[in-house]
Amino acid sequence: MNARTLLRGAAAVVFLAAGLALIQAVAADAGGRVERYGMVIGVKPDMIEYYKTLHAAAWPGVLAKIKECHIRNYSIYLREVAPGQFLLFSYFEYTGDDFAADMARMAADPETQRWWKETDPCQSPIPTRCAKEFWSRMDEVFHAD
């Protein structure tokens, strides 16, 4: 077998593996719905650097629990909205079928509870939040794929 044949074979294997990964990703979403969440909360100016440090090295167990609870594509953004006033905006997609149960399972996780003991003191809920909210859910007014 010559080098050209080996390269073609290797390229075919890589192509097939990439195709299989794509098919698996599509199949995982097929039949399932995706609910998008945008949420907002204040962040204390003196805690911003600590909050960033925590998230730069998010704990593997917390990340695993997020995934296990059907959350994907999770991002948190920071913005100064007035001098000395900062907000965090989070976006994620929920692919499960019982958000309340998944969030209760996440809240019961000991490592997630330890994580929240670190992050919660950095945050300050907005005054217009709903009852029992920490992060305040936002209404989606537009989406385009």
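**Figure 1. Phenylalanine 99 and its ring partner, tyrosine 94.** In this predicted model, phenylalanine 99 counts as partly exposed because its relative accessibility is 23%, which falls between the limits of 20% for buried and 50% for exposed. Tyrosine 94, at 0% relative accessibility, counts as buried. The two residues form an aromatic pair of the edge-to-face kind, with 5.0 Å from centre to centre and 85° between the planes.

**Figure 2. The stacked pair of tyrosine 37 and phenylalanine 92.** The structure holds seven aromatic pairs. In the pair of tyrosine 37 and phenylalanine 92, the ring centres lie 5.0 Å apart and the planes meet at 10°, so this pair is stacked; the angle is under the 30 degrees that stacking requires. Distant parts of the chain are linked by this contact, since tyrosine 37 belongs to strand β1 (residues 35–43) and phenylalanine 92 to strand β3, 55 residues apart. Tyrosine 37 has a relative accessibility of 5% and therefore counts as buried. Phenylalanine 92, also with a relative accessibility of 5%, counts as buried.

**Figure 3. The aromatic cluster and the charge over tyrosine 37.** One aromatic cluster is formed by Tyr37, Tyr74, Phe92, Tyr94 and Phe99. Within this cluster, the ring of tyrosine 37 has the charged end of arginine 137 over it, 3.7 Å from the ring centre.

**Figure 4. The hairpin of strands β2 and β3.** Strand β2 (residues 71–82) pairs with β3 in the antiparallel sense, over nine bridges. Leucine 78 has leucine 88 in β3 as its bridge partner. Two residues stand between the strands of the hairpin, and glycine 84 takes a positive phi near 80° there.

**Figure 5. Phenylalanine 89 in a nonpolar surface patch.** Phenylalanine 89 is a residue of strand β3 (residues 85–94). Its relative accessibility of 31% is the reason why phenylalanine 89 counts as partly exposed, and patch residues must have over 30% relative accessible area. Together with Tyr77 and Met138, Phe89 makes a nonpolar surface patch of about 280 Å². Strand β3 thus appears in two settings: phenylalanine 89 lies in this strand, as does phenylalanine 92 of the pair with tyrosine 37. Phenylalanine 89 counts as partly exposed at 31% relative accessibility, whereas phenylalanine 92 counts as buried at 5%.

Note on methods:
Residues numbered from 1 in each chain as written. Predicted model: local features only at pLDDT ≥ 70, side-chain atom pairs only at ≥ 80, totals over all residues. Heavy atoms only, no water. Patch = residues over 30% accessible without salt bridge, like charges linked within 9 Å, V, L, I, M, F, W, Y side chains within 5 Å. Areas by Shrake-Rupley, 256 points an atom, 1.4 Å probe, with all protein chains shown as cover. Salt bridge = Lys/Arg side-chain N within 4 Å of Asp/Glu carboxyl O. Helix = DSSP H or I, 4+ residues; strand = E, 2+ residues; numbered from the N terminus. Buried < 20%, exposed > 50% of the residue type's maximum accessible area, 1.4 Å probe, protein only. Pairing = 2+ DSSP bridges. Phe/Tyr/Trp six-rings, centres within 6.5 Å; stacked < 30°, edge-to-face > 60°. Lys NZ or Arg CZ within 6 Å of the ring centre and 35° of its normal.
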